[in-house]
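Here is a friendly briefing to read alongside the sequence and the model. Keep both open as you go through the points.

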Amino acid sequence: MSASAVHSLWTTAAPIQKIDAPTIEYAQLLPTLIVIGAAVVGIVVEAFVGRKVRYYAQMFVTVVALVAAFAAVIGLAAGGHASTEAQIAAMGAIAVDGPALFLQGTILLTGLVAVFTFAERRLDPEAHGNRVDSFTAQAGSVPGSDGEKAAVKAGFTTTEVFPLALFAIGGMLVFPAANDLLTLFIALEVFSLPLYLLCALARRKRLMSQEAAVKYFLLGAFSSAFLLFGIALLYGYAGTVSYAGIADVVDGTVQSIDPALADTMGNDALLLVGGAMILMGLLFKVGAVPFHMWTPDVYQGAPTPVTGFMAAATKVAAFGALLRLLYVVLPGLRWDWRPVMWGVAIVTMLIGAIVAITQTDIKRLLAYSSIAHSGFILAGVIAATPDGISSVLFYLGAYSFVTIGAFSVVTLVRDAGGEATHLSKWAGLGRRSPLVAAVFAVFLLAFAGIPLTSGFSGKFAVFKAAAEGGAGALVVIGVISSAIAAFFYIRVIVLMFFSEPKPEGPTVAVPSPLTTTAIGVGVAVTLVLGVAPQYFLDLAGQAGVFVR
Amino acid sequence: MSPVNYLYLAALLFAIGSTGVLIRRNAIVVFMCIELMLNACNLALVTFSRMHGNLDGQIIAFFTMVVAAAEVVVGLAIIVSLFRSRHSASVDDASLMKL
């Protein structure tokens, strides 16, 4: 094509249409904006602030941002955005409603507690006179090399973990609030990518940590490719990616199908395959069987503070997105997805509980326990009633604090090689340090769902909603697998309190107030939600309505 | 040519990519197969966009490209650090945490 022809193409192109600037409700997006903004500030701090004060600067930025964002969530909820004023913001991309605000509040609080455990610097012995945290001195150095030794000697620290955590939290805040499939996908990637990196940053057992990161990354990217293809198919089905638009097509309320598009629009094969692929992507993130294979390896290999953060906050965000997808986009497809989710919930509960019995590593044990808990939460998701939503919200809130608390206790029990995670080393811990063992026992009882702990209130709410939603058989299986799970939780308690401590056993490090706060918050939430759950059940009940 | 053929091509590419993830052993090749899957998604999105006559699909394709680029940054960093410490990028060798 000659130059003049190109020129005439330009000049004869259609006149420029005026594009209206989108209206963004900044006030309603404030929690996310604060967190992402602080993450960017954290990057700048990383670049320009001296090495000595960087840790304190990062801590300050992170904590202030999380507290401010939580205050913004409370402000929005107090302004009625959780109930009467619930609406869809940012040109249909983000929903600001009860479940979104409830889950955002939960994610911010768990994120704050997790950041405290990230910042802990008293557990490892000092290296060359410098206090060190759980993260490697220099991620780029080869484990065991001279470069690594030099980095440790120079007192390098990976303070990048704070902005990385903030980016992950930012993505998690958007994930349960996403109101179109594109936002869902982007939020998924925004919180997944920092988590892949955080997994690779352990100070001890670095080979395992890197291996965990590779596994998490490859499988995570694989599952998000499935999610994206599912998004493409649903877009082909409905001609739009907005949740409400797809739901209209699913319900058949859109009657004016262009005959030229009749091939694809409203084609049920696209809907079913696309919906299944999106569900696969989300079930991977919640760690439901058969998409759970990454969970034990990643939980074991990642630095323990990161494991706690991941186990708690990712699950909250992913279940939020799953709830919104099933209740807002695909309620018209209920009779198709319910049997599938039944099957997934049953195998998740049973396999999580049964395989956990054979575990010998405390972090793997907690990983399988988290798989079983995903199954219990799925039982509430399947209820497909307003009670189902609020019970899942309550369960997520209760479960996340127990999880972070339990993993924080794991960081305390140490021997010469770092954390002593093999179960045999925990024998007799109750004789040596009764307080730590008692606190861990409280968390285990909460996982098992013993009355007077938050685990019982959560399980009761979820199973009640499932039974009322017509999933009685599921409840029976849930109770059976709870009983199986109780066996190995109790076994750990027996091991801690009723066996003789070994002479060469691990020591319990005395933490700084940071980890103590994390554990203390975990215990307090566990007991308060166990003894007096009514206020929080009401809160979750009021929050349990999706805007559409 | 009917645009539906491009959908078949996208599905085929996606299947090739996911098969590659499952059967290949080198982490870099596995990662390339994942990128192939993302490209298949892009082709499907753009084709649907053409069929529906709206631009949403094309815009999502741009977002996918950016996400894929970010994924490469993170993924290669992780895979290279694994390779440097083990002198192997085989996903079978990464088996420290077998049950």
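Is α7(A) largely enclosed by the rest of the structure or left exposed, and why? Of its 19 residues, 19 are buried, so α7(A) is largely enclosed by the rest of the structure; buried means that 20 or more other C-beta atoms, placed from the backbone, lie within 10 Å of a residue's own (12 or fewer is exposed, in between is partly exposed).

This is a predicted model, in which local features need pLDDT of at least 70 and side-chain atom pairs count only at pLDDT 80 or more, while totals for chains, interfaces and linings use all residues. Residues are numbered from 1 along each chain as its sequence is written, and chains are lettered from A, with ligands numbered from 1, in the order in which they are written.

**Chain A as a whole**
- Chain A has 21 helices and five strands, taken as DSSP runs (H or I of at least four residues for helices, E of at least two for strands) numbered from the N terminus.
- Its radius of gyration is 24 Å, close to the 24 Å from the globule rule for 548 residues, so chain A is as compact as a globular protein of that length. The radius is taken over C-alpha atoms, and the rule is 2.2 Å times the number of residues to the power 0.38.
- Along the principal axes, the C-alpha atoms of chain A fill a box of roughly 85 × 60 × 45 Å.
- Of the 548 residues in chain A, 59% are buried.

**Helix α7 and Cys199**
- Helix α7 (residues 181-199) of chain A should span 27 Å for its 19 residues, and its end C-alpha atoms are indeed 27 Å apart; the expected span is 1.5 Å times one less than the number of residues.
- Beyond its neighbours within four places in sequence, Cys199(A) is in contact with residues including Ser209(A), Tyr216(A), Val298(A) and Val306(A). Contact means C-beta atoms, placed from the backbone, within 7 Å.

**Where chain B meets chain A**
- The contact takes 37 residues from chain A and 36 from chain B.
- On the chain B side, α3(B) gives the most, with 16 residues.
- By class, that side of chain B has 26 nonpolar, seven polar and three charged residues. Nonpolar covers Ala, Val, Leu, Ile, Met, Phe, Trp, Tyr, Cys and Pro; charged covers Asp, Glu, Lys and Arg; the others, Gly among them, are polar.

Methods
Two residues are in contact if their C-beta atoms, placed from the backbone, lie within 7 Å.
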